[in-house]
Amino acid sequence: MSRARPCEGVPARVAWAVDLLDPQPADRLLEVGGAPGVAAALICERLTTGHLVAVERSATGLRRIADRNAEHVESGRLVLRGCALADLDEPADSIDVAFAVNVNVFWTSTPERELSVLRHLLVSGGRWPSSTGPTSPRAPTCGPGSWTRWPRRCRRPGSP
Ligand SMILES: C[S@@+](CC[C@H](N)C(=O)[O-])C[C@H]1O[C@@H](n2cnc3c(N)ncnc32)[C@H](O)[C@@H]1O
């Protein structure tokens, strides 16, 4: 597993999450709620034939992802979608790995529509690791202990 390059401005939780994801050069990935585009930058530099779709509902957030990753948008490795995950319209079975870091729709609501979109997008056997944030102000800010859920590999959401 190659590790994310430590670099200024990369939150430890994001570097940790990307290391755990271990994106491969041909992977087709989806990031939900990725502003300001730090994970996208770390991932896109590892991709060759693969690509990352970034879905971000905030227009400001989407602009920040685009600004930080202009070269990857230009090369086609990063595809931007300005909408909520629930409204994302992408082809079925077009994503190998979908992920979200600290995106509260997955614990402040019943995300039925969101999970149904993920089920539609993910290939059979695709991965859906989703991390949730520190559970208390005293929790560490990064590392496995601070996240309540990050399955390394899982079935499609909703499948038995
Ligand atoms: C707390 S921030 C986390 C950003 C980044 N993942 C990180 O860990 O630094 C949550 C982001 O998710 C976006 N977001 C929240 N719900 C969303 C949804 N349903 N679809 C797409 N983006 C969403 C927000 O606009 C925001 O940019």
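For the counts that follow, Ala, Val, Leu, Ile, Met, Phe, Trp, Tyr, Cys and Pro are taken as nonpolar, Asp, Glu, Lys and Arg as charged, and the others, Gly among them, as polar. With that in hand, let us walk through this predicted model, starting at the ligand.

**Around the ligand**

The shell around the ligand holds 10 nonpolar, 5 polar and 2 charged residues. Of its 17 residues, the ones that come nearest are Gly33, Ala35, Arg57, Ser58 and Val101.

**The strands**

A good place to go next is strand E2, which spans residues 51-55 and has 5 of its 5 residues buried. His51, Val53 and Val55 point one way from E2, while Leu52 and Ala54 point the other way, and all of them are buried. E2 pairs with E1 as well as with E3, as the table shows.

| Strand pair | Sense | Bridges | A bridge pair |
|---|---|---|---|
| E1 (residues 28-32) and E2 | parallel | 5 | Arg28 and His51 |
| E2 and E3 (residues 78-81) | parallel | 4 | Val55 and Arg81 |

Helix H2, residues 38-44, joins the picture here: together with E1 and E2 it makes a right-handed β-α-β unit.

**Ala98 and its surroundings**

Now have a look at strand E4, residues 95-101, where you will find Ala98. Why does Ala98 count as buried? It has 24 other C-beta atoms within 10 Å, and the cut-off for a buried residue is 20 or more. Beyond its neighbours within four places in sequence, Ala98 is in contact with Leu30, Val32, Leu118, Leu121, Leu122 and Trp128. Leu21 is 77 residues away from Ala98 along the chain, yet their C-alpha atoms are separated by 9.6 Å.

**Two helices**

Leu21 belongs to helix H1, residues 12-21, whose buried residues also include Arg13, Val14, Trp16, Ala17 and Val18. Just after H1 comes Asp22, with a positive phi near 50°.

Helix H6, residues 112-121, has Glu114, Val117, Leu118 and Leu121 buried. These residues lie on the same side of H6, because they cover an arc of only 100° around the axis. The general rule is that an α-helix has 3.6 residues a turn, so residues three or four places apart point the same way. What do the buried residues of H6 pack against? Their partners are E1, E4, helix H5 (105-108) and strand E5 (122-127). Two of the buried H6 residues, Leu118 and Leu121, are also among the contacts of Ala98.

Definitions and conventions. Residues numbered from 1 in each chain as written. Predicted model: local features only at pLDDT ≥ 70, side-chain atom pairs only at ≥ 80, totals over all residues. Near = placed C-beta within 6 Å. Buried ≥ 20, exposed ≤ 12 C-beta atoms within 10 Å, placed from the backbone. Pairing = 2+ DSSP bridges. Right-handed = clockwise from strand over helix to strand, strands pointing away. Contact = placed C-beta atoms within 7 Å. Arc of directions from axis to C-beta.
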